[in-house]
Amino acid sequence: MTTSANNQGTAIAHTNIALVKYWGKIDSELTLPYTGSLSLTLDKFYTETKVTFNEELSADKLVVDGIPQDNVNKAKKVLNRVRQLSGIESFAKVESANFVPTSAGFASSASAFAAMAAASASAAGLQLSSKDLSRLARLGSGSASRSVFGGFVEWLPGTDDESSYAYPLEDVVLTDIFVLAVNISSKKKQVSSGEGMKRSASTSPYYADWQKVVAEDLINIKHALKTDDFSLLGQIAEANAMRMHSLTLSSLPPFTYFEPGTLKVIKLVQDLRSHGVECYYTIDAGPNVKVLVQSNNLEAVKTALSEQFGATKISEAKPGPEIELLDN
Ligand code: DP6
């Protein structure tokens, strides 16, 4: 059995925003997705997680922002894999702090499970490659597989545990990009992303078309990144997000993550664009909107969003770094 000196590991991982979305699992036990996806890791929002294996514990414990959690099922999937790989038999305490401004409206599961994967592997004394860390993070939450890396990241869907992992895109020349997050609501969503994607994949008559669309979007968005084509990137991201949300509307029973404020941001982005201010929107499994913009239009878009929604509802981010292990 190998362990770190004090059975403890700490790591930081940043959140990411998907530009080509993951929306459906073939295998929910292993979190194997139907399609690939592509995201941008962001600099501002991150989770710091400490994992300690301790023989005196009688169960795995999870504390998030100081609050003990009842549901440890997803964390257990990551910890069980680490125990299996390392031979450690004891339970672990996971202490996690989210550095995501409450106004940002970002889900924290991507950064949380990426940080937990790196911290628990380190606590167990495992020397995992980034690819294997991505596979480990994936067991907790699909989008976490991408938060192991910085910048633009693609998650290869694969066909089994071994072949489903994310990697950072290397031949990217597009670097001038900002994300303005507009917080419409921080309320807990009624349909979790896991439940929502399951319903869409099993009941939306458009799900087969979605799989085709994603395959094309991935090819085209990677071309946009290689050729510094922000317009193409924005058009693909926006259309991909709307097509994902059309899966929710076409599910049985139908549902949507949009709220009235979501549509207001969409309309504002369209108006700005029609006045020559280039920007695009994308929306995850919630009502909050992320606006993509380059430096030349950043101030104009920020001002327009602040005027309509209030400056406190807007957070600005740019491309962020890969996972970081901290010394204990
Ligand atoms: C809309 O990664 O949160 O943000 O694997 O069930 O934990 P689970 O889902 P999660 O879903 C993310 C959905 C999305 C799109 C994306 O990030 O690709």
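Q: Which residue in strand 7 is the bridge partner of T47?
A: The model is predicted, so read each pairing as part of a prediction. To read a bridge, start at one residue and look across to the neighbouring strand. Here T47 has N98 as its bridge partner in strand 7.

Q: How many bridges pair strand 4 and strand 7, and in which sense?
A: Two strands count as a pair if there are at least two bridges between them. Strand 4 and strand 7 (residues 91-99) have 9 bridges. Their sense is antiparallel.

Q: Over how many bridges does strand 4 pair with strand 1?
A: Follow strand 4, residues 37-54, and look for strand 1, residues 8-20. The two pair over 11 bridges, again in the antiparallel sense. For one rung of that ladder, take N16: its bridge partner in strand 4 is T41.

Q: What joins strand 4 to strand 8?
A: 4 bridges do, and the two strands run antiparallel. Strand 8 covers residues 152-156. Find S37, then look opposite: W155 of strand 8 stands there.

Q: In what order do the strands of the open sheet come?
A: Read a sheet from one side to the other, not along the sequence. This sheet has 4 strands, in the order 11-12-10-13. The pairing is antiparallel.

Q: Which strands are the edge strands?
A: An edge strand pairs on one side only; here that holds for strand 11 (280-283) and strand 13 (314-317). From one strand to the next, the twist averages 25 degrees.

Q: Over how many bridges do strand 10 and strand 12 pair?
A: Strand 10 (residues 178-182) and strand 12 (residues 289-293) pair over 5 bridges, in the antiparallel sense. One example is A181, with K290 of strand 12 as its bridge partner.

Q: Which strands of the sheet does helix 6 touch?
A: To read packing, ask two things: what touches, and at what angle. Helix 6 (residues 230-249) touches strand 11 and strand 12. Its direction makes about 35 degrees with that of strand 11.

Q: What angle does the direction of helix 7 make with that of strand 11?
A: About 160 degrees. Angles here run from 0 to 180 degrees between N-to-C directions. Helix 7 (residues 260-274) also packs on the sheet, touching strand 10, strand 11 and strand 12.

Q: Where is P253 found?
A: P253 lies in the loop between helix 6 and helix 7. Check the peptide bond before P253 by its omega angle. The bond joining L252 and P253 is cis, with omega about -10 degrees.

Q: What is phi of T31 near?
A: Phi is a backbone angle, and its sign is what to check. For T31 phi is near 50 degrees, a positive value in a residue other than glycine. T31 sits in the loop between strand 2 (25-27) and strand 3 (32-33).

Q: How many residues surround the ligand?
A: Begin with the shell, then look at single contacts. The shell has 18 residues; the closest are Y22, K25, S141, G142 and S143. By kind, the shell divides into 6 nonpolar, 7 polar and 5 charged residues. Helix 4 (residues 193-203) gives the most, with 3 residues.

Q: What is the distance from the side chain of R146 to an oxygen atom of the ligand?
A: An N or O atom in the R146 side chain is 2.8 Å from a ligand oxygen. For an N or O atom of the K74 side chain, a ligand oxygen is 3.2 Å away. A polar side-chain atom of D284 lies 3.5 Å from an oxygen atom of the ligand. As for cover, the ligand has 460 Å² of accessible area on its own, and the protein covers 93% of that.

Conventions: Residues numbered from 1 in each chain as written. Predicted model: local features only at pLDDT ≥ 70, side-chain atom pairs only at ≥ 80, totals over all residues. Heavy atoms only, no water. Contact = heavy atoms within 4.5 Å. Near = heavy atom within 4 Å. Polar contact = N/O pair within 3.5 Å; in protein donor to acceptor, adjacent residues only side chain to side chain. Areas by Shrake-Rupley, 256 points an atom, 1.4 Å probe, with all protein chains shown as cover. Nonpolar A, V, L, I, M, F, W, Y, C, P; charged D, E, K, R; others polar.
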